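Work through the exercises below with the sequence and the model open. Each task is followed by a stepwise solution.

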Amino acid sequence: MKIPLSRDFYNRDTTQVAQDLLGKLLVHHIDGAERVGKIVEVEAYLGPHDLAAHTSKGITPRTQVMYGPPGFAYVYLIYGMHHCMNVVTEPDGTGAAVLLRALEPIANLSDNTKGPGRLCKAMGIDRSHYGHDLISENFYITDAPEAETIEIVQRPRIGVDYAGEWAGKLLRFYIEGNPYISRK
DNA sequence: AGGATGATATCC
DNA sequence: GATATCATCCTC
C-alpha cells in the first residue's frame, strides 16, 4: 500500500492545504476493492469567523470533529440524501476543514464523481466515516505516483450565498482544464 | 424551476 | 416538540 499523507500535511494553513490536495489520490478499501480517485476540486472552510463554515455556529455534536486535530474526516448528510466529505486542517481547536468536491476516477470508480454528493456515493463514503483518521491503512489520501504540473483556478465557493461577504471569497480551487470539475 | 428527504440547530 | 434551513442532485 501507499504511504498516507502525514498529520503535518494537514496541520497547516487551510487555503494552502486545499490547494496542495489538488492532484492527490483519495483511496478507500471497501468490499475487497481499492477505490482510487484523484482530487481535482476542493473548497476551504477557514474556521468560526468564516460565516460559510459549519463551525461558525460553534461546537456542536456535528462540528466536534472539525474542531479536533487535523487529518480526520468530517462527513455529514446534506439535504437529507447526499453525503459530503471534508478533511480537518490546522491545529486542534481551530475548526477548519477542506471540502472535497470532485474526483477524477482512477480505479474501481464509476464515472459519476463530479460534485461532493456524487464523490461520496462513488467512493462509498457515508456517516460511518465521521471522525475516521485519514492516517490509516484503509481510507487515506496519498501522493500521486507521478508529480505533474497543474494550474490552479480560484473561484467563489458553491452554495454559500447566505454567508454575506464570505460568499464571494475565492476559496474554491480546481485544476484548470480537468474534465471532472463539478461546475465551471 | 422545483421537488426529494432527513439531520441539525434553534426556537418555543 | 415543532419548524426552518441546508457546503446537493435529479427530473422536468
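**Exercise 1. The surface near DNA strand B**

How do the residues of the surface near DNA strand B divide into nonpolar, polar and charged?

*Solution.* This is a predicted model, in which local features need pLDDT of at least 70, side-chain atom pairs count only at pLDDT 80 or more, and totals for chains, interfaces and linings use all residues. Residues are numbered from 1 along each chain as its sequence is written, while chains are lettered from A and ligands numbered from 1 in the order in which they are written.

Step 1. Apply the cut-off: a residue is near a strand or molecule if its C-beta atom, placed from the backbone, lies within 6 Å of it.
Step 2. List the residues around DNA strand B: Lys57, Thr60, Pro61, Arg62, Thr63, Leu77, Tyr79, Gly80 and Met81.
Step 3. Sort them. Ala, Val, Leu, Ile, Met, Phe, Trp, Tyr, Cys and Pro are nonpolar; Asp, Glu, Lys and Arg are charged; the others, Gly among them, are polar.
Result: four nonpolar, three polar and two charged.

**Exercise 2. The surface near DNA strand C**

Find the elements that each supply at least two residues of the surface near DNA strand C.

*Solution.* Step 1. Count the surrounding residues: there are 19. The closest are His54, Leu99, Gly115, Gly117 and Gly159.
Step 2. Assign elements. Helices (H or I, at least four residues) and strands (E, at least two) are DSSP runs, numbered from the N terminus.
Step 3. Read off the contributors: strand 4 (82–89), strand 5 (96–107) and helix 3 (116–123).
Step 4. Add the classes: 11 nonpolar, seven polar and one charged.

**Exercise 3. The buried side of helix 2**

Which residues of helix 2 are buried, and what do they pack against?

*Solution.* Step 1. Count C-beta atoms, placed from the backbone, within 10 Å of a residue's own: 20 or more others means buried, 12 or fewer exposed, and in between partly exposed.
Step 2. In helix 2 (residues 14–21), Thr14, Val17, Ala18 and Leu21 are buried.
Step 3. Those residues lie on the same side of helix 2, because they cover an arc of only 105° around the axis. The arc is that of the directions from the helix axis to the C-beta atoms.
Step 4. Their partners are helix 1 (7–10), strand 2 (33–45), strand 4, strand 5 and strand 8 (172–175). Contact here means C-beta atoms, placed from the backbone, within 7 Å.
Step 5. Look past the end: Gly23 follows helix 2 with a positive phi near 95°.

**Exercise 4. Two positive phi angles**

Compare the settings of Tyr79 and Asn108.

*Solution.* Step 1. Tyr79 is not a glycine, yet its phi is positive, about 55°. Asn108, also not a glycine, has a positive phi of about 55°.
Step 2. Tyr79 sits in the loop between strand 3 (73–78) and strand 4. Asn108 is in the loop between strand 5 and helix 3.
Step 3. Tyr79 has 8 other C-beta atoms within 10 Å, so Tyr79 is exposed. Asn108 has 17 such neighbours, so Asn108 is partly exposed.

**Exercise 5. Chain A as a whole**

How many helices and strands are there in chain A?

*Solution.* Step 1. Count three helices and eight strands.
Step 2. Order them from the N terminus: α-α-β-β-β-β-β-α-β-β-β.
Step 3. Chain A is as compact as a globular protein of 184 residues, because its radius of gyration is 15 Å, close to the 16 Å of the globule rule. The radius is taken over C-alpha atoms; the rule is 2.2 Å times the number of residues to the power 0.38.
Step 4. Note the burial: 41% of the 184 residues are buried.

Methods: Contact = placed C-beta atoms within 7 Å.
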